[in-house]
Amino acid sequence: MAMMPKRIKYRKMQRGKMPGMATRGNTVSYGEYGLQSMMAAWISGKHLEAGRVAATHFLHREGRVYIRVFPDKPISAKPLEVRMGTGKGETDDWVVPIKPGTILFEVGGVDEATAKGALRRIAAKMPVKCRLIHRRHGH
């Protein structure tokens, strides 16, 4: 099942803007290798779940996969063939706004070749261009 919050304070949200680079969540913190976004976009809970499934299938229950983002922004949509007006549509999907530089996934507990293979599988499922990075020791 796709990721979504258990409960929220407000049912609907405005679209907003995503200027600049990520200043938070832009370093590898939990694992040894990470997948970093190179462009701004909305990533849905379905994308994240597809990436998680692909990585855990590739790793054969070895190591650990960390998901660093969570879809907490509701996206509303109106049904097909509905006339203009009569208010904002109901929540259709949950997304996380991603800025360039945000770490999406991390992998730890496996060797470099295996981690890169898993992250490459995840990157294929993401709607943004990504790059593989590794933890900077001594930082």
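**A three-stranded sheet and the residue Ala40**

In this predicted model, 3 strands form an open sheet with antiparallel pairing, in the order β2-β5-β4.

User: Which strands stand at the edges of this sheet?
Analyst: In the order β2-β5-β4, pairing is antiparallel throughout the open sheet. A strand at the edge has a single partner strand, so one of its sides is left without a neighbour in the sheet. The strands of which this is true are β2 (41–44) and β4 (73–77).

User: By how many degrees are neighbouring strands of this sheet turned against each other on average?
Analyst: The sheet holds its strands in the order β2-β5-β4. When direction is ignored, the average turn between neighbouring strands of this sheet is 50°.

User: What is the bridge partner of Ala41 in β5?
Analyst: Strand β2 runs antiparallel to β5 (residues 90–98), and 4 bridges join the two. For Ala41, the bridge partner in β5 is Ile98.

User: At about what angle to β2 does helix α1 run?
Analyst: Helix α1 covers residues 45–59 and lies across both β2 and β5. Relative to β2, the helix runs at an angle of about 65°.

User: Is Ala40 buried, partly exposed or exposed?
Analyst: Ala40 has its place in the loop between β1 (33–37) and β2. Leaving aside neighbours within four places in sequence, Ala40 is in contact with Met18, Ile98, Lys99 and Pro100. Its relative accessible area is 35%, and since buried means under 20% and exposed means over 50%, Ala40 is partly exposed.

How values were computed. Residues numbered from 1 in each chain as written. Predicted model: local features only at pLDDT ≥ 70, side-chain atom pairs only at ≥ 80, totals over all residues. Heavy atoms only, no water. Pairing = 2+ DSSP bridges. Axes fitted to C-alpha atoms, helices over the stretch in contact; angles between N-to-C directions. Contact = heavy atoms within 4.5 Å. Buried < 20%, exposed > 50% of the residue type's maximum accessible area, 1.4 Å probe, protein only.
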